[in-house]
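Student: I would like a close look at one part of this model, and then at how the rest is put together. Please keep it brisk.

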Amino acid sequence: MSCCLIRNCGRSSFRGRFSKAAISMQLRQRRVESSSQQPSVCIDGITMDNSALFLDRDGVINVDRGYIHRSDQFDFIPGIFELARFWTNELRRQIIVITNQSGIGRGYFGECAYEDLTQWMCNRFEAEHTSIARVYHCPYHPLHGIGEYRRDHPWRKPRPGMLLQAVSDLDLDPAQSALLGDNISDIEAGEAAGIGLRILVAPCGAKKGAGAPSHEVVADLGEALALLRSHFAPTESDRA
Ligand SMILES: [Mg+2]
């Protein structure tokens with residue numbers, strides 16, 4: 001039984017237990033330059049900084065209507081492509097999606113439907129002149145999962161497993177990375193993984209409750225983009 005699916009959009013898929021060796025080899029082959037202070041990775045000819053933008057899916061990329069599993073249910077949230085283009089085209093850095101998908105474990109839809117929708121989503125980003133480098137998902141639920149899907153998996157947010165796996169896979173610097181989520185569990189996962197900038201998208205407003213990890217709050221993706229621009233201004237090397 002698979003642990004979690006990692007999709008390397010548009011290039012290859014890894015199902016089952018994570019093929020870390022294969023990806024490590026892939027990255028070694030693609031690494032064009034590195035230093036102890038600023039490692040960088042070259043993917044498809046583009047040199048990437050070692051920071052990334054982590055996006056939750058439902059409620060950040062698409063309107064969250066609950067257990068979405070078909071493209072005709074999937075409405076992109078206004079501003080997501082502009083935000084993505086800033087990150088991938090101006091900063092030349094990677095976007096990684098991290099998403100709890102307990103609908104699989106609950107039996108609402110299957111892994112194949114999820115994979116098809118993920119590929120469709122990645123294709124839409126490509127059509128909008130941006131890209132998603134990786135998508136990590138966790139299909140398990142500790143209470144409502146059916147059969148082998150009923151377990152408390154370390155990848156399920158608020159636990160940081162998906163983030164930590166991506167950091168390891170892609171040699172990322174979490175402190176120089178950012179995360180965008182619409183739920184406090186996203187923020188908690190980001191804090192546990194050491195993500196430097198954590199942004200909560202809360203259209204109806206949200207208070208930073210006592211005990212919650214520190215984070216920024218924005219009303220929409222336009223505000224999120226402005227915040228990212230203020231923290232991650234393109235450098236000359238980004239533009240080169
Ligand atoms: Mg969400």
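Student: Over which residues does pLDDT stay under 50, and how many contacts beyond four places in sequence does the model have for them?

Tutor: The stretch is residues 1–47, where pLDDT (the predictor's confidence in each residue, from 0 to 100) stays under 50. For this stretch the model has 58 contacts beyond four places in sequence; a contact means two C-beta atoms, placed from the backbone, within 7 Å. Numbering runs from 1 along each chain as its sequence is written. This is a predicted model, in which local features need pLDDT of at least 70 and side-chain atom pairs count only at pLDDT 80 or more, while totals for chains, interfaces and linings use all residues.

Set that stretch against the whole chain. The protein averages a pLDDT of 82. At least 70 is the score of 75% of the residues. The protein holds 8 helices and 10 strands, taken as DSSP runs numbered from the N terminus (helices H or I, at least four residues; strands E, at least two). Of its 240 residues, 39% are buried; buried means 20 or more other C-beta atoms within 10 Å of the residue's own, exposed 12 or fewer, partly exposed in between. Contacts between residues at least 6 apart in sequence can be split by separation, and 60% of them join residues at least 24 apart.

Now the helix pairs. Helix α2 (residues 80–90) packs with helix α7 (residues 221–231) at an angle of about 15°, their axes 9 Å apart. Axes are lines fitted to C-alpha atoms over the stretch in contact, with angles from 0 to 180 degrees between N-to-C directions. The two helices are therefore roughly parallel (under 35 degrees; over 145 is roughly antiparallel, 65 to 115 roughly perpendicular, the rest oblique). The crossing of α2 past α7 is left-handed: the near helix is turned anticlockwise from the far one by less than a right angle, whereas clockwise is right-handed. On the α2 side, Ile80, Glu82, Leu83 and Phe86 make the contact. On the α7 side, Leu221, Ala224, Leu225, Leu228 and Arg229 do. By class, the contact of α2 with α7 has 7 nonpolar residues, no polar and 2 charged. Ala, Val, Leu, Ile, Met, Phe, Trp, Tyr, Cys and Pro count as nonpolar; Asp, Glu, Lys and Arg as charged; the others, Gly among them, as polar.

The second pair is α5 (residues 161–170) with α6 (residues 184–193), at an angle of about 45° and with axes 8 Å apart. That angle makes α5 and α6 oblique to each other. Here α5 passes α6 in a right-handed crossing. Leu163, Leu164 and Val167 of α5 meet Ala189, Gly190 and Ala193 of α6. The residues of this contact divide into 5 nonpolar, 1 polar and no charged.

Ile184 also belongs to α6. With 18 other C-beta atoms within 10 Å, Ile184 is partly exposed. Its C-alpha atom is separated by 9.5 Å from that of His215, 31 residues apart along the chain.

Last, the backbone in the loops. Lys157 joins Pro158 through a cis peptide bond, omega near 20°. Pro158 sits in the loop between β7 (134–138) and α5. Tyr67 has a positive phi, near 55°, in a residue other than glycine. Tyr67 lies in the loop between β5 (52–55) and α2, and is partly exposed, with 14 other C-beta atoms within 10 Å. His129, not a glycine, has a positive phi of about 65°. The loop between α4 (111–127) and β7 holds His129, which is exposed, with 11 other C-beta atoms within 10 Å.
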